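Okay, everyone, thanks for coming. I'll put the sequence and the structure up on the screen, and then we can walk through them together.

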Amino acid sequence: MKRVNTMLAAWTAATMVFLYLPIAILIGFSFNTSRLNIVWQGFTFDWYAAIWRDAVLVKSLENSLYIASITTALSVVLGTAGAWLLYRYRFPGARLWQTLIFVPMLVPEVIMGVSLLIFFVVVRLELGFTSIIISHVTFCFPFVLVAVQARLAGLDPALEEAAMDLGATPSGAFRRVLVPYLMPAIVAGALMSFTLSLDELIVTYFTASAGTRTLPLEIFGRVKKGLDPTLNAISTVFIVFTAVLVVTTEFLKRRNAAPSSERPGA
Amino acid sequence: MKRAHFSVAAVLAAFCASYGCTSQPEAAKEINLFAWSEYVPQGVIDGFTKETGITVNYEPYASNEEMLAKLFSGAQKYDLIQPSDYTIEALIKEQRLQLVNWDRVPNFKNIGKEFKNLPHDPKQQYSVPWMAGSVGIVVNTEKVTDPIKGYNDVFQDKYKGRIVVLDDSREIVSWSLAALGKGPNDVTAQALEQVKPILARWLPLVKVYDSDSPKTALLNGDVDLGVVWSGEAARLYAENPKFEYVLPAEGAHQFLDSLAIPIDAPNPLGAMAFMNYVTRPEVSKLISADFPYTNPNLEARKLLSPEELANPASYPPGNPKLEGFRDIGDAAVAIDKLVTDLKAKD
Amino acid sequence: MRQDLTSFDGGTPVRRRRPSVAAWLLIAPLLAWVLAFVVAPTLIMLVYSFCERGTLGGVIYRFTWDNYAAVADPTYLNIMVRSVLFSLLTTVACLVMGYPVAFYIGRAPEARRNRLLMLVMVPFWTSFLIRTYAWVTILKSEGLLNSVLLQVGMIARPFEMLYTPGAVIVGLVYTFLPFMILPIYTSVEKLDNALVEAAFDLGAGPLRAFSKVIVPMTSPGIAAGILLVFVPALGLYAVNDILGGGRVDMIGNIIENQFKGSARNWPFGAALGMTLVVAFAAALWYSGRRQSHTT
């Protein structure tokens, strides 16, 4: 077991190298004097300074974060509820609904974008944050749903029944027994959802308006001119910020938390 | 708030009356600009807003078709769009543009004669030229020592796997038409049959298809020559003069992107004010600085730096007269299928 | 038949209840959402796929079978098959690469688990475009990988990696790896520790322990991961454009071309999309049917 664990740790480390290699380049190039993000020429902090002058870029990052947060919240609610209800109850046409839910994952984004655009026009919804969030949730929540469903498969029904027997109401059983059990899947779904929404380009193009530009749209718009290192700089700032946030949260949690739930025998 | 609007409108009406323009009240103080992503520097937008107080809601797009998709969906009403020449032709045919009141765009006189009254807008009623350019050959002269004068020089077996071209089926077909001695708009079924063998020979030699940033592959040294937009070539030349730009001997074509006002624009007067603003020489100079295409504004050219004017991709020596793309209607489908089929044969 | 090893009584199938009024009320928002934002737009596309092409894009409302006839062309069918193969390859690669990582993370102590999960996700909160262009920098002839290999002496001349199908697979695997790791992680995380230890201690080598015991126990996560990688990978064309040089068209490229390229043929694009959806839905439906037989 120990030997297997070491091999697994090595494999994971190697995978991390794979995952972070382009990121290292991205961060490295944010200090590149050459404007075209292609060959290295020299070291500079200029691009970080440029971020603050680029109000449009910063606003687009704000918009993206706002949209991604709301999208994730809604997707988690829809996805978890959907997965649980479809699992627990025998709804007529469940298989049909299940397949329909997967359609947004499958449909090429261009088609989704155009059809949602036309749909919004037909129902007279003005393009803006609402239309973008709706579009994002539509293809993000299936990811949450699938993750939670995978976790539900093989759920010992005795678990829920025991919770009910011990006096909890159905909703209490759901909250106090099921949700903690599903938490890793919910977290996984939320992470996927956030990631997808943050980086979504094509559907967003069709459902956004001039005032609701997102970061990917802004970046894609600059491809022709050359992806200048300001974009690398803002990405680096974002990563560093996230890392700091995670470390701080963990530090605070460790200070306040009760002993963490260790697995028996682990 | 309402009273302020009213008095502004009154002042403008008086202003308009004294200058003989139509007495439409000035709409909301904003315009919706729908333009190519690389064409409108933020500085130009900010300058316009500072001077006129009109907010510019700028939405970029990356292809004519994307623009048309959103325009026709009716989801948003735009005041200004920036179509290419053949798209303007089609829009005029479909009666989707409104006439420009030239009294409101006096700076239009700065635009060179050779960019006016072109076939897509023969009476120059609907559009204000923004930037022109050509599609031609760029050569990394350090890697390619033979003289390259035309398409047939590019698509030789010895350059197999070293060529980059635009990922645009209409463009690709137009080059093969030129090699046959035909114009870029001769896209009859017969002509397409004739170009098939040429393209069948050319396409397997191509390493990269890229319309967004063909300069990447050239700068990386993964390809040595290619057929790209003149703006890309100009960028490459500015980066390193080893990248030469050549207009193909068999025949090149130019493109002209212009500002136009959709028929349902909410603020056409604001749109025309913007048109007038960007045709000012010092503003147009900013646009050139941002992306080195061919500036049709002759007064602006006088303000450009010697390096910019010396860039052969931006301002080809001899100022050759080139044909433009016309609207080809349904032939676009056949062209797309033709190129897709040939690409798939790899 | 899926073996359910987590419940010791040999796998009691879930006894689904008939939905109560409360259950209907709870699922109503989901159903409404799907109706409004999945079914309605898909119907719009369906209608479009039977329309005629408009000159400036868009459609003319006249019925025609032409678009589906065009789909049946061997060129496009070939491209669809090729796209499926690429997706399959990507999925398998993600599975092989990602499973050990998911297993390691799922069994790590809780604090480290969350940290590792974040480590996996954070690279994907950067821009897809910049990330993929970074791969261009790594894989190009004068790029990072070639420089390293040349210096170490493993190769004599730069190895051509960029603008090949291999580069596209690398890019696709990179894009989708977290979507394989996360679902598998959720299955691994609930594995009973005692069971895992037992699997390894009872004399069988680690490979058999994995294949006979652990992998089947995590099969729901694996299935989820496969779904969440294979399906979206079919439609992704940007990686093909940037890392593959746009030379070999995937079905996503073709469809994009109909809407955003010079073809301006929305009905045909819609027909292609509908074909994909129907083919996939049929596959999903059929596989669901086979599983429900055993419940």
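Let's start with a small puzzle: which residue in S7(B) is the bridge partner of Val164(B)? It's Gly226(B). Before I go on, keep in mind that this is a predicted model.

So, a bit of context for that pair. Strand S5 of chain B, residues 163-165, runs parallel to S7(B), and 3 bridges join the two. There's another neighbour as well: strand S4 of chain B, residues 127-140, is joined to S7(B) by 5 bridges, and that pairing is antiparallel. If you want a residue pair to click on there, take Val135(B), whose bridge partner in S7(B) is Trp229(B). As for S7(B) itself, that's residues 225-229, and 5 of its 5 residues are buried, leaving the strand mostly covered.

Now slide over to another part of chain B. Strand S1, residues 30-36, and S2(B) pair in the parallel sense, over 7 bridges. A handy landmark is Leu33(B), which has Tyr58(B) as its bridge partner in S2(B). How many of the 7 residues of S2(B) are buried? The count is 5, so the strand, residues 55-61 of chain B, is largely enclosed by the rest of the structure.

Here's the bit I like. S1(B), helix H2 of chain B (residues 42-52) and S2(B) together make a β-α-β unit, and a right-handed one. Look at H2(B) on its own for a second. Its buried residues are Val44(B), Ile45(B) and Phe48(B). They cover an arc of only 100° around the axis, which puts them on the same side of H2(B). And what sits over them? The cover for the buried residues of H2(B) includes S2, helix H10 (268-278) and helix H11 (281-290) of chain B. Flip to the face turned away from that buried side of H2(B), and you find the exposed residues Asp46(B) and Lys50(B). One backbone detail for the torsion fans: Gly53(B), just after H2(B), takes a positive phi of about 75°.

Okay, zooming out to the whole of chain B. We're looking at 14 helices and 10 strands. The radius of gyration comes out at 22 Å, close to the 20 Å that the globule rule gives for 346 residues, so chain B is as compact as a globular protein of that length. Along the principal axes, its C-alpha trace spans about 75 × 45 × 30 Å. Buried residues make up 51% of chain B's 346 residues. And if you take contacts in chain B between residues at least 6 apart in sequence, 76% of them join residues at least 24 apart.

Chain C next. That one has 13 helices and 2 strands. Its C-alpha atoms fill a box of roughly 70 × 70 × 35 Å along the principal axes. Of the 295 residues in chain C, 48% count as buried. For contacts in chain C with a separation of 6 or more, 70% are between residues 24 or more positions apart.

Last stop, the interface with chain A. How many residues of chain C are in contact with chain A? We get 89, and they touch 85 residues of chain A. On the chain C side, the largest share comes from helix H1 of chain C, residues 21-49, which supplies 15 residues. Split by class, that side of chain C has 62 nonpolar, 16 polar and 11 charged residues.

That's my tour, so over to you for questions.

Notes:
Residues numbered from 1 in each chain as written. Chains lettered and ligands numbered in written order. Predicted model: local features only at pLDDT ≥ 70, side-chain atom pairs only at ≥ 80, totals over all residues. Contact = placed C-beta atoms within 7 Å. Helix = DSSP H or I, 4+ residues; strand = E, 2+ residues; numbered from the N terminus. Nonpolar A, V, L, I, M, F, W, Y, C, P; charged D, E, K, R; others polar. Rg over C-alpha atoms; globule rule 2.2 N^0.38 Å. Buried ≥ 20, exposed ≤ 12 C-beta atoms within 10 Å, placed from the backbone. Pairing = 2+ DSSP bridges. Right-handed = clockwise from strand over helix to strand, strands pointing away. Arc of directions from axis to C-beta.
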